[in-house]
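User: Could you take a close look at one part of this model for me? I'd like to hear about the largest pocket and whatever surrounds it.

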Amino acid sequence: MTPSPLDLAREKARALRESGVQIVRLDPIEKARTNPQSKALAIRAKCWECVGAGHDANPRQEIRDCSVTHCPLHPVRPWQSKPEDDEADA
């Protein structure tokens with residue numbers, strides 16, 4: 001059985017920690033500041049800030065379930081459920 005990409009990434013992170021490398025995780029706002037030209041990072045950062053900037057235990061779910069439909073970023077917010085195929089409904 002071949003390991004999944006996630007398993008490989010976890011193994012690599014474990015090896016880095018064991019070798020003394022400190023892994024730094026950036027929140028979406030800090031990550032957007034590292035690449036100010038990225039629209040996707042800017043949208044993710046704004047949505048993350050809007051739902052409380054990490055004070056919630058599950059911000060991805062809060063962004064996915066966002067009910068602020070008048071927000072201009074609502075149609076392009078990250079972590080949305082993929083729409084069902086129109087053909088399946090017909």
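Analyst: Happy to. In this predicted model, the largest pocket is lined by L26, D27, P28, K31, L41, R44, W48, P59, R60, I63 and W79. The space inside that pocket comes to about 190 Å³. Three helices, α2, α3 and α4, each give two or more residues to the lining.

Let's start with α3, which covers residues 39–50. With 12 residues at 1.5 Å a residue, α3 should span 16 Å, and its end C-alpha atoms are indeed 16 Å apart, so the expected and computed spans agree. Which residues of α3 are buried? They are L41, A45, C47 and W48. Viewed down the helix axis, these buried residues fall within an arc of 165°, so they line one face of α3. The general geometry helps here: an α-helix has 3.6 residues a turn, so residues three or four places apart point the same way. Two of the buried residues, L41 and W48, are also found in the lining of the largest pocket. The cover over the buried residues of α3 includes α2 (28–34) and α4 (59–64), and these two helices also contribute to the pocket lining together with α3. On the face of α3 turned away from the buried side, you will find the exposed residues K39 and C50.

Both ends of α3 deserve a look as well. At the N-terminal end, S38 acts as a cap, with a side-chain oxygen 3.1 Å from the backbone nitrogen of L41. S38 itself sits in the loop between α2 and α3, and its relative accessibility is 18%, so S38 counts as buried, the cut-off being 20%. L41 therefore appears three times in this picture: as the partner of the S38 cap, as a buried residue of α3 and as a lining residue of the pocket. Just after α3, G52 has a positive phi of about 120°.

Now for the loop between α4 and α5, where W79 is located. This residue of the pocket lining has a phi near 60°, a positive value in a residue other than glycine. P78 is found in that loop too, and because its relative accessibility is 11%, P78 counts as buried. Leaving aside residues up to four places away in sequence, what does P78 touch? Its contacts are I43, R44, C47 and I63. Among them, R44 and I63 belong to the pocket lining, while C47 is one of the buried residues of α3. For a sense of distance, the C-alpha atoms of P78 and L6 are 20 Å apart in space, with their positions 72 residues apart in sequence.

Another residue of the loop between α4 and α5 is H70. Is H70 buried or exposed? H70 is exposed, with a relative accessible area of 71%. From H70 to A45, the C-alpha atoms are 18 Å apart, and the two residues are 25 places apart in sequence.

One more helix gives a useful reference for α3: α1 (residues 5–18) has 14 residues and reaches 20 Å from its first C-alpha to its last, close to the 20 Å expected at 1.5 Å a residue. After α1 comes G20, with a positive phi near 100°.

How values were computed: Residues are numbered from 1 along each chain as its sequence is written. This is a predicted model: local features need pLDDT of at least 70, side-chain atom pairs count only at pLDDT 80 or more; totals for chains, interfaces and linings use all residues. Side-chain values use heavy atoms; hydrogens and water are left out. Helices (H or I, at least four residues) and strands (E, at least two) are DSSP runs, numbered from the N terminus. The expected span of a helix is 1.5 Å times one less than its number of residues. Buried means under 20% relative accessible area, exposed over 50%, partly exposed in between (1.4 Å probe, protein chains only). The arc is that of the directions from the helix axis to the C-beta atoms. Contact means heavy atoms within 4.5 Å. A polar contact is a pair of N or O atoms within 3.5 Å; within protein, one must be able to donate a hydrogen and the other to accept it, and residues adjacent in sequence count only if both atoms are side-chain atoms. On a 1 Å grid over the protein atoms alone, a cavity is a set of points where a 1.4 Å probe fits but cannot get out, and a pocket is an open set with protein on both sides within 12 Å along at least five of seven lines; lining residues have an atom within 4 Å of a point. Grid points are joined across faces, edges and corners, and a volume is the space filled by probe spheres set on the points.
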